[in-house]
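Colleague: I am new to this structure and would like to be taken through it step by step, with the reasoning laid out as we go.

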Amino acid sequence: MALPSWFIRLRSHSRPIFTKFRNSFIHTTLSTSLTSGIQSSESIRKSSWITSLLPMALAVSAGSVTLQSHYNDSESFCDAPNLDQTGKRFGGKESTEYLVKGSHKKVPQELIEELKAICKDNMTLDYDERYFHGKPQNSFHKAVNIPDVVVFPRSEEEVSKILKSCNKHKVPIVPYGGATSIEGHTLSPNGGVCIDMSLMKRVKTLNVKDMDVVVEPGIGWMELNEHLEPYGLFFPLDPGPGATIGGMCATRCSGSLAVRYGTMRDNVINLKVVLANGDIVKTGSRARKSAAGYDLTRLMIGSEGTLGVITEVTLRLQKIPQHSVVAMCNFPTVKDAADVAIATMLSGIQVSRVELLDEVQVRAINVANGKTLPEVPTLLFEFIGTEAYSREQTLIVQKIASEHNGSDFVFAEDPEAKKELWKIRKEALWACFAMEPTFEAMITDVCVPLSHLAELISTSKKELDSSSLICTVIAHAGDGNFHTVVLFDPDNDEQRREAERLNHFMVHTALAMEGTCTGEHGVGTGKMKYLEKELGMEALQTMKKIKVALDPNNIMNPGKLIPPHVCL
């Protein structure tokens, strides 16, 4: 599935205009209709439903802040204090600020000359380019500083030389992929060097018989799947459009197919990573399993650029399913819908997707598309396998839904209809903006054990419905991951505080259910304040020890992932 031409990021020194993307998307792309291949469950051969199916959004964040500088020279290995007027550290416990603070030191001219020698014309000091790289495109997080230099390496060797020079001069670096992350991962609060990996996007080796592929980090997952399709293979993780494999590894992302295929940690065989001192480390062999030594692959996946820069990824591939069916069903409450998702998983049916939308999200879809879909909580399913098996699963789930107040159960088998359905789902965040085009979104990413999902959603829904803000609910209901898109006016402090209150409420509710503050979006700067409550200080200090051992000068994406109040 190709990206629309207005979405493709051409970054040899050009910048996409995401504001234009959002506006044009709201008025054009979402109007696409699914008018073929949709059948009622009463007859597989009759077509009785002609309308568009639903989108689903996954993009999500929680407003907050961080203020973290280089490691100081004391033996305690604490970050610089950086206190606000109330005496609280930015990004630490109880932080409610969204502007990411940081210290800034002028980049030495000697380093600039070294980078020019390494990258030749593939670097820039242009202010607009630096500003663009310093502001995430899908997040309201901001930083007081922007990168001083942006480099575009073409090889692993160049990345190694860049890191070695930056480490020598103790200048911070920020790895930069598809810019689709939403928790402030690519901010440069301390200035420094932004390493844009977009020119490293080759498919290096495809091993069809082994069902694996070796790629560079700058290739997007959608581009990769276009390359793999003629071989009957695909890479099953599907985060937002524009995400690159390197960034997906760094944030340990997943997507709507995680319920069937697992997350990024389950689909990466090995990595090559450049450490802060320029050393190049390969984390494992190409064997499907190994018990040889520490699992460095899993250590690097989810490290968010704080331990090294990923330069090569070996991925596990899957066969493209022989047949699939996409089904949709309406419910009177979100709890009914969540109960059906749980019952479906407990039935033993191996669904590939189970997605939940509340009535507000459906309303956003109607506004963006000019549609008249029933504005009620809705579940979307995908079943894969042989034609007979997929249909059998569909009928079993239809029966489960009917036992939980489900209605209007319909399904689609036409390839184009199914493709358009999931394409629109990935772009549904923009449908939310159709209701408030000038607003920003704070998006939650909590995840709980599956048995608690219905309680979490219903408890959160009561709080959301009582708020003055527009809040939509989207969930990967098959694995307990629940998102809320909270729209607020960025110039209205009261609305921002209300959005933050709702985010706090849902995170703490999830943590009380033995859940997590982030199921797939990562920590960045936005989720640091919740980590001590979720993981405990001992776990955070262990992370800090690893960070100090691999990056003693704290040049690797400083101010991210590890809260600033964690000391050794």
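Colleague: What percentage of the residues of the chain count as buried?

Modeller: Please keep in mind throughout that this is a predicted model. The chain contains 18 helices and 22 strands, and among its contacts between residues at least 6 apart in sequence, 76% join residues at least 24 apart. With buried taken as under 20% relative accessible area, the share of the 568 residues that count as buried is 62%.

Colleague: Which residues of the largest nonpolar core touch the most other members?

Modeller: One of them, leucine 379, can serve as an example, since leaving aside its neighbours within four places in sequence it is in contact with residues including Ala327, Phe331, Val354, Leu356 and Ala477. Apart from this core lies another, of 27 residues, with Val215, Leu224, Met264 and Leu317 among them. In the largest core, which has 55 residues, those that touch the most other members are Leu356, Leu379, Phe381, Phe383, Ile457 and Phe482.

Colleague: Which strands stand at the edges of the open sheet of five strands?

Modeller: The pairing in this sheet is antiparallel and the order of its strands is S8-S9-S13-S11-S12. A strand at the edge has a single partner strand, so one side of it is left without a neighbour in the sheet. The strands in that position are S8 (203-207) and S12 (280-282).

Colleague: Which residue in S13 is the bridge partner of valine 214?

Modeller: Strand S9, covering residues 212-215, runs antiparallel to strand S13, covering residues 309-316, and four bridges join the two. In S13, the bridge partner of valine 214 is threonine 314.

Colleague: Which strands does helix H5 touch where it packs on the sheet?

Modeller: Helix H4 (residues 156-169) packs on this sheet, touching S11, S12 and S13, and its direction makes about 50° with that of S11. Helix H5 (residues 221-228) packs on the sheet as well, with its direction at about 45° to that of S8, and the strands H5 touches are S8, S9 and S13.

Colleague: Is helix H2 roughly parallel or roughly antiparallel to H4?

Modeller: The axes of H2 (residues 109-119) and H4 come within 10 Å, and they cross at roughly 175°. Angles over 145 degrees count as roughly antiparallel. The orientation of H2 to H4 is therefore roughly antiparallel.

Colleague: How many residues of the contact of H2 with H4 are charged?

Modeller: On the side of H2 the contact includes Glu110, Leu111 and Ile118, and on the side of H4 it includes Lys161, Ile162 and His169. The residues of this contact divide into six nonpolar and two polar, while the number that are charged is five.

Colleague: Which residue in S7 does tyrosine 176 stand opposite?

Modeller: The open sheet concerned has four strands with mixed pairing, in the order S3-S5-S7-S6. Four bridges join S6 to strand S7 (residues 193-196), and these two strands run parallel. H4 lies across S5, S6 and S7 and runs at about 170° to S7. In S7, the residue opposite tyrosine 176 is aspartate 196.

Colleague: What is the separation of the C-alpha atoms of lysine 419 and valine 326?

Modeller: Lysine 419 is found in helix H13, which covers residues 415-426, and at 39% relative accessibility it counts as partly exposed. Along the chain, lysine 419 and valine 326 are 93 residues apart, whereas their C-alpha atoms are separated by 9.8 Å.

Definitions and conventions
Residues are numbered from 1 along each chain as its sequence is written. This is a predicted model: local features need pLDDT of at least 70, side-chain atom pairs count only at pLDDT 80 or more; totals for chains, interfaces and linings use all residues. Side-chain values use heavy atoms; hydrogens and water are left out. A nonpolar core is a set of buried Ala, Val, Leu, Ile, Met, Phe, Trp, Tyr and Cys residues joined through side-chain atoms within 4.5 Å. Buried means under 20% relative accessible area, exposed over 50%, partly exposed in between (1.4 Å probe, protein chains only). Contact means heavy atoms within 4.5 Å. Two strands pair if DSSP finds at least two bridges between them. Axes are lines fitted to C-alpha atoms, for helices over the stretch in contact, and angles run from 0 to 180 degrees between N-to-C directions. Angles under 35 degrees count as roughly parallel, over 145 as roughly antiparallel, 65 to 115 as roughly perpendicular and the rest as oblique. Ala, Val, Leu, Ile, Met, Phe, Trp, Tyr, Cys and Pro count as nonpolar, Asp, Glu, Lys and Arg as charged, and the others, Gly among them, as polar.
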